[in-house]
Amino acid sequence: QNHRVLGNNWIPSTGLAYRMSDRTTLKASVAKGYRSPSIRELFITQWGGNSGLKPDQIINYEMGFHHVFKPVNLTVELTAFLIEGKNMIITVPLQGLKNSGRIENKGIEFTANARPVSNLKLSMAYSYINMKEPVYATPEHQLFINGKYNHKKISLIPRIQVVRNIDTDPGPETKHQNYVSLNIKTTYRLTGFAEISASCENLLNQNYEINRNYPMPGITFFTGINLRY
């Protein structure tokens, strides 16, 4: 990236995949992340602009493996990662936008996808992040489970998300939040290109925030028509 004020910066990434067998693949990657401050962040003082901001910079290291269990139609992937960063742009109450110090996050991610029978799909994802310093909007634990069951023209799609220790405050003050979100959706195919759908979100009527002072809605219903061409 060539920046008239911030100068030149290389943003490299590289990776490899080694196929250990027809069912198992080993993967590794290293990538740099870099983001220059936006015009809003630099100059619009009403939103906390700070002309002295430095760019965000991170380096991400990952290693993992992917394996397929063919007899049961199950695919799993496990990844370990380390993120090192500096100058992350954060909002400090009464002071506006500032660069934070160094960060170091490490953790694991696990995903699994299964199709035990032809009309049923199941998937799950879990992540754990160990953070020396809390990172805004990043949960320490997150579990996501999704399913889809088809019967003739009807589909049933339940989803559940479990979040633990997410920091909802963009400033230096830490505000942790825990919640469980349960959603369900059903569709009915009218024709080859049209279907009607109905869904309910936050079935457990959880009281939670992802961003501080912006509470999420309680039980919510939606209905609609989907057209495909």
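This is a short dialogue on reading a sheet and two backbone angles in a predicted model.

Biologist: How many strands form the open sheet, and in what order?

Modeller: The sheet has 11 strands. Their order is β3-β4-β5-β6-β9-β10-β11-β12-β13-β14-β17. The pairing is antiparallel.

Biologist: Which strands stand at the edges?

Modeller: β3 (13-19) and β17 (220-227) do. Each has a single partner strand, so one side of each lacks a neighbour in the sheet.

Biologist: What is the average twist from one strand to the next?

Modeller: The twist averages 10°.

Biologist: Take one pair, β10 and β11. How many bridges join them?

Modeller: There are 9 bridges between β10 (residues 120-131) and β11 (residues 139-151). The two strands run antiparallel.

Biologist: Which residue in β11 is the bridge partner of Ser 123?

Modeller: Asn 146 is.

Biologist: Now the backbone angles. What sign of phi do most residues other than glycine have?

Modeller: Most of them have a negative phi. Asn 73 has a positive phi of about 55°, yet is not a glycine. Asn 87 is not a glycine either, and its phi is positive at about 60°.

Biologist: Where does Asn 73 lie?

Modeller: In the loop between β5 (56-69) and β6 (74-86).

Biologist: And where is Asn 87 found?

Modeller: In the loop between β6 and β7 (89-92).

Biologist: Why does Asn 87 count as buried?

Modeller: Its relative accessibility is 16%, and buried means under 20%.

Biologist: Why does Asn 73 count as partly exposed?

Modeller: Asn 73 has 46% relative accessibility. Partly exposed lies between under 20% for buried and over 50% for exposed.

Methods: Residues numbered from 1 in each chain as written. Predicted model: local features only at pLDDT ≥ 70, side-chain atom pairs only at ≥ 80, totals over all residues. Heavy atoms only, no water. Pairing = 2+ DSSP bridges. Helix = DSSP H or I, 4+ residues; strand = E, 2+ residues; numbered from the N terminus. Axes fitted to C-alpha atoms, helices over the stretch in contact; angles between N-to-C directions. Buried < 20%, exposed > 50% of the residue type's maximum accessible area, 1.4 Å probe, protein only.
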